[in-house]
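Q: Hey, I've got this structure open and want to start with the empty space inside. Walk me through it, please.

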Amino acid sequence: MDVVLVLDIGSTNFKAAAVSSYGEIVWTWRRRQSPISGSPYLHLDTRNVYRWIIEALAQAVAQFRIAAVIPCTHGSSAALVANRAEPDADDHDAGGLALPVMGYEADIPDDVAAEYARIAPPFDEVYAPTNPAGLTLARQLYWQQTRFPDAFARTSVIMPYPQYWGWRLTGVNAADVSSLAAQTHLWDPVNRRLSSLVHARGWDRLMAPVRPAWDVVGVLREEIAHRVGAAVPIPVLCGIHDSSANCLRYLCLPDRDWTLLSTGTWLITFNPGQPLDRLDPRRDTVSNTDVDGNPIACSRFMIGREFELVAGPDGLTLETDSADWHSVAADVIGRGIVALPSFTDSGGPVPGSGGAGRITGGDGLQPAERRSLASLYCALMTCESLTAVGADEAAAPTLIIDGPFATDPLFPGLLAALIPNATLRVSEERDGTVVGSALLWDRHLGRYPHPPALRTVAPLDLPGLAAYAARWRSLAGLI
C-alpha cells in the first residue's frame, strides 16, 4: 500500500502515522515525551525525537511503500542550527544546534521580559500579543541572542521546528509561512513578509528561505535511507504548523462560511470572515496564516490543559461510557457549581484571569461531577472565544468542532445548547492534524482532496443552562 508518512511532533507526544490515498490512517506509532528542565532553559528533547523518527521510519518502510514524509509540529519553537553543523549529528552538539530548541512553556526571566516589552512590534503589525512564558517565539530568540551571545553567534540558520526535522532528514534548509506566522512576532501577515523586529534584530540574514508547505525539499539522506531499509528515494515535504494542518482540511469545503474550533491542548478558533483590524489583544485574539499565506482571524484558549486541571486525575481516567453524563451535568447545574477562569497563565478570552481559576460551591465533588464541570467550563470559555473573533455575529453561524473535544460526551451538545441559533457540526476524525498534513501531498500532486465528513449535533436539553451561563459570566466579571 502506498502511504504518506506524517511525523506529528507535539510538545508532549510524538506520533508517526501512515495515511492512505483515501485519507485513512492505517498505522500509527506513538511515544510520550517531556521537555527537559534545567540549563540553559526548558528545552525540547530533540535527541530522543530523532531516535524515534528513525525507529518509526524503519517500521513504516517495512510495511508500506512511502510516497512522502511530512513533518508537522506545534508552533512557538525554532531551531538555531550551528555553523557547519551536519544533519546526522544525533549524538554531537545536540543535533547540530547552536542552542537547544526552547520549549514554549519556558519561564522568561523578568529582565528579559521587560526588555522585550520595549522592542515588541505593534499588535497591528503582527496581530499577536506577547504571550506568557515562551509562547512568543521572537521573545525566545531575543532571550537567546542577548543572554547566550556566544552560542547565538554560532548560528548559521534559524528554522521553524517542522523544517528543522526536514533538515535532519534531507540536509536542506527551509521555512514555511504557517509556522513563521503562528503568533510569533516574526511575521507581518497583512503584507506577507518578515516583521520589522526581525530586521531590527538582524535575524533576517539567518532566516531559512520560505517555501510552500507542500514543496518537496529533498529526499531522505543516503545514510538514513540505508539505516531504515528504504530501497528507493523517499521525498520529504517542507512541512507545516499543526493547527494550520488541521485547518487545511476545512479549506477544502465548498465555502468558507464557517468557524472552526480546533481542539487539543489548545482551542484555536478560526474565523475566516473576521477582519484582522477587529482583533483584540486583551482577549488573546491573533492571526494565523494558512498554507497559501492568507491570514485568518483566530482566538486561543488552552482548553486541553484547563480541562485536565478542572476534571482532576480521577475524572480524566473515567471512560466516556461510565456515567449518565446528562444527569451528572444537570445535577452540577442545579447545584450551581461553577469553575471560573482561568487555570493556566493565559486567560484566553477572559482578560486578566490568568492563574486565577477556582471552583466555587463544589466541595467533595466526585470524579464524574468534576469531569462534567470541566466540560461545562470549557463550553462556556469556548463561547467567549467565539465572541472574541466575531463568530457569534452571524444570524445562523456554522460551527465545526474538530479534535478530541468533538467526541467528549457533553461538550458538543453543551455548545449547541449555549448557542441555539448556530448549526453545530463535528468531525469524528481524532487525528485531524495528521490527515490535514497528509493533504499536502495531494496539493503537491495537484489533486483536489475530498472535504471532511461532518455530523450535525443536537443541543442538550438541560434545564437552567441559560441561567447558569449568565451567572457564570457575571461571576467571571464579563457582565
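Q: Which element gives the most to the lining of the largest cavity?
A: That's β7, with three residues. Strands are DSSP runs of E, at least two residues, and helices are runs of H or I, at least four, numbered from the N terminus. A cavity is a set of points on a 1 Å grid over the protein atoms alone where a 1.4 Å probe fits but can't get out, and lining residues have an atom within 4 Å of a point. By the way, this is a predicted model, where local features need pLDDT of at least 70 and side-chain atom pairs 80 or more, while totals for chains, interfaces and linings use all residues. Residues are numbered from 1 along each chain as its sequence is written, and side-chain values use heavy atoms, without hydrogens or water.

Q: How many residues line the largest cavity, and which lie nearest its centre?
A: There are 16, and Ser77, Leu137, Pro160, Tyr161 and Ser179 lie nearest the centre. Besides β7 (155–160), α7 (161–170) and α8 (177–180) each give two or more residues to that lining.

Q: And how much space lies in the largest cavity?
A: About 90 Å³, counted as the space filled by probe spheres set on the points, which are joined across faces, edges and corners. The whole structure has three cavities of 30 Å³ or more.

Q: What about the second largest cavity?
A: Its volume is about 40 Å³. Its lining is Ser11, Pro35, Leu42, Leu44, His74, Gly103, Tyr104 and Glu105.

Q: New topic: what comes after α14?
A: Gly390 follows α14, and its phi is positive, near 70 degrees.

Definitions and conventions
On a 1 Å grid over the protein atoms alone, a cavity is a set of points where a 1.4 Å probe fits but cannot get out, and a pocket is an open set with protein on both sides within 12 Å along at least five of seven lines; lining residues have an atom within 4 Å of a point.
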